[in-house]
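I opened this structure with no prior notes. These entries record what I looked up, in the order I took the topics.

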Amino acid sequence: MPVTVRLPTVLRPHANGQSKVDAEGSTVAEAVSWLVGQFPAIAPNLLAPDGSLHRFVNVYVNDEDVRYLSQMDTALADGDELSILPAVAGG
Amino acid sequence: MAVYRSVDELIGGTPTLDVSRLSPNPSVRLYAKLEGHNPTGSVKDRVALAMLDQAEAEGRLQPGSVIIEPSSGNTGIALAMLGQRRGYVVKIVLPGNVTAERRQMLEIYGAEIISSPAEQGSNGAVRRALELADANPDWTMLYQYGNEANPQVHYRTTGPEIVADVGDITHFIAGLGTSGTLLGVGRYLKEHVPGVQVWAVEPPAGEQVEGLRSLDEGYVPPIFENWGGADLLDRKMIVRPRESIEATRMLATEGVFSGISGGAALAGARKAAAAVDGGVIVFVVSDHGWKYLSVGAWTDDLEVAAANADGVIYF
C-alpha cells in the first residue's frame, strides 16, 4: 500500500533532509518498519527498545492519533498520510 | 443579578449556547460551552483560582511570595490577575511565538515575562520554568501540567455544569493543552453519563517546535499520565490551522467570538457530527477571540491567516 509519511523537523536530517517520504505498508507498523529500513538513523528516535512507539512521539493517520485507533496495527489504505510529531504541551 | 464581592466569584458557571445551525448533520445538536465568559477571558481562570487556593491552604504561599509558571498565555494571564490581587509577584515563562495580545495582557496584570525560545514552543517554556524553580527554591511553581488541582477543578465544576445543562450529552470535545479540561470533565462525564465519548483536538505543533533536538524533548503532562488520559480519551485528532480558522469564523456567524482553539474544537465536533447517526455534542470554546486579532484570524485572507496562525501557539 503506497502511503506518504510526514516527518517532523527533528527527524529530517536522518532522511536526507526530506519533510515527506513515500513509504509502503498495510499497517502503521509495516510503514514504520519500511521507513526505518530506508533510514535506520530514525529508529532510536521513533521507537523504544521493545519496538513500541516512543512515549513522546505521536503518530497520526490522516490526522487521527493511532494510539486511539488500533495503535501500530492501525490499517492503512492507498494514499493515506502518516504524520509523526513530538508530543507537545499547551496552556 | 447579585453584586459579587470579588472577581473570584465570577469564575466558572459559564453559559452553553446552542449552535446547531453549524452542525453538518440535522440529527446532531452542537452546543458550545463558552469559557471566554470567565473574567480574564479563558477557561484558565478556573485552574489558576484552584491552584492558588490549594497552595494557600497548604501554606505554600505568603504575602509577597514569588510565583513562577510556564504558560503559552492563558494560564499566565489568569494567574497574573488573581495573583496580583492577592499580593504575589507573578513571573510567567512565555514562549517567544505567542500573540502580542497575550504579552500585553500579562503586562496589564503586572506579571514579569521571562521569554523562552520560540522554536521550542511550550515544551521549552516548561523546561525553562523547571530550571528556574530549581535554582530559586524560595519561588513557588504551581505547575499546571503536574498539579492535581487542574483536572480536579474541572471534575468539580466544569463537568457538573455540563451534565446539569446538557443531560443527554453523547460526545464531549475539547482542545488538548495541559489535558486538564479533558481529564477532569472526561472523568466526571464517564462516571455520570453511560456511553459518552470524549474526543481531544490538538494543533499540529510540528513546525512550531523545530528547535527540539530530538523527540526525547517531547512532553506529556504528568497529570495526563496520573489520570489515565490514554484510557480516558476515545479519540485524539489534529486540526490544522486553516480548518481551525474557518471554524472560528463560523462561530462568529453565531455570535461567538472565539479563540482559534475553540474553532479547532468546533471542527472536531463537526467531524464527530458527520460520523454519527444522531447525538448531542458539547465542545469547549476555551477563550475569547480578542487575543488573536493580530494574526488576522477574521480579517485576513484565509490562507494568509492560516499561515500566520501556523507560527503562533494558540493552545
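**Domains of chain B**

I noted before anything else that this is a predicted model. I then asked how far apart the C-alpha centres of domain 1 and domain 2 of chain B lie. They are 23 Å apart. Domain 1 of chain B is built from two stretches, 7-37 and 157-310. Domain 2 of chain B covers 44-141.

Next I looked at where these domains meet. Domain 1 of chain B puts 22 residues into the contact, and domain 2 of chain B puts in 17. I sorted the domain 1 side by class: nine residues are nonpolar, eight are polar and five are charged.

**The nonpolar core**

I went to the largest nonpolar core, which has 119 residues. Which members touch the most other members? I found Ile173(B), Ala265(B) and Phe283(B). Helix α10(B) gives this core its largest share, eight residues. I also checked the domains: domain 1 (7-37 + 157-310) and domain 2 (44-141) of chain B each supply at least three residues of this core. I wrote one general remark beside this: in soluble globular proteins, nonpolar side chains tend to be buried together.

I took a closer look at Ala265(B). Setting aside residues up to four places away in sequence, I listed what Ala265(B) touches: Ile173(B), Ala174(B), Gly175(B), Val201(B), Phe283(B), Val284(B) and Val285(B). Two of these names, Ile173(B) and Phe283(B), I had already noted for the core.

**Helices α9 and α10 of chain B**

I followed α10(B) to its contact with α9(B). Helix α9 of chain B runs over residues 241-253, and helix α10 of chain B over residues 260-275. Their axes come within 7 Å and cross at roughly 95 degrees. I therefore entered α9(B) as roughly perpendicular to α10(B). From α9(B), the contact uses Glu243(B), Ser244(B), Ile245(B), Ala247(B), Thr248(B), Met250(B) and Leu251(B). From α10(B), I noted Ile260(B), Gly262(B), Gly263(B), Ala264(B), Leu266(B) and Ala267(B). By class, I have eight nonpolar residues, four polar and one charged in this contact.

**Two buried residues in chain B**

I picked Leu52(B), which sits in helix α1 (residues 44-57) of chain B. Is Leu52(B) buried or exposed? It has 24 C-beta neighbours inside 10 Å, so I entered Leu52(B) as buried. Apart from neighbours within four places in sequence, Leu52(B) is in contact with Leu82(B), Gly83(B) and Arg86(B). I also checked Leu52(B) against Val280(B), 228 residues apart along the chain; 34 Å separates their C-alpha atoms.

Met81(B) came next, in helix α2 (residues 74-85) of chain B. Met81(B) counts as buried because it has 21 C-beta neighbours inside 10 Å. Leaving out neighbours within four places in sequence, I found Met81(B) in contact with Pro39(B), Thr40(B) and Tyr109(B). Met81(B) and Ala111(B) are 30 residues apart along the chain, with 8.4 Å between their C-alpha atoms.

**Where chain A meets chain B**

I turned to the contact between the chains. Chain A contributes 22 residues and chain B contributes 37. On the chain A side, α2 (43-46), β3 (57-61), β4 (64-65) and β5 (81-86) each supply at least two residues. I sorted that side too: twelve residues are nonpolar, five polar and five charged.

I chose Leu46(A), in helix α2 of chain A. Leu46(A) is partly exposed, with 19 other C-beta atoms within 10 Å. Not counting residues up to four places away in sequence, Leu46(A) touches Val32(A), His54(A), Val57(A), Ile84(A) and, from chain B, Leu215(B). Phe56(A) is ten residues from Leu46(A) along the chain, and their C-alpha atoms are 8.8 Å apart.

**Positive phi in chain A**

My last check was on backbone angles. Most residues other than glycine have a negative phi. I noted Asp63(A), whose phi is positive, near 75 degrees. Asp63(A) is in the loop between β3 and β4 of chain A. It is partly exposed, with 17 other C-beta atoms within 10 Å.

Gln71(A) has a positive phi as well, near 50 degrees. I placed Gln71(A) in the loop between β4 and β5 of chain A. Gln71(A) has 15 other C-beta atoms within 10 Å, so I entered it as partly exposed.

Technical notes:
Residues numbered from 1 in each chain as written. Chains lettered and ligands numbered in written order. Predicted model: local features only at pLDDT ≥ 70, side-chain atom pairs only at ≥ 80, totals over all residues. Axes fitted to C-alpha atoms, helices over the stretch in contact; angles between N-to-C directions. Helix = DSSP H or I, 4+ residues; strand = E, 2+ residues; numbered from the N terminus. Parallel < 35°, antiparallel > 145°, perpendicular 65-115°, else oblique. Contact = placed C-beta atoms within 7 Å. Nonpolar A, V, L, I, M, F, W, Y, C, P; charged D, E, K, R; others polar. Domains from an automatic or database assignment. Core = buried A, V, L, I, M, F, W, Y, C linked by C-beta atoms within 7 Å. Buried ≥ 20, exposed ≤ 12 C-beta atoms within 10 Å, placed from the backbone.
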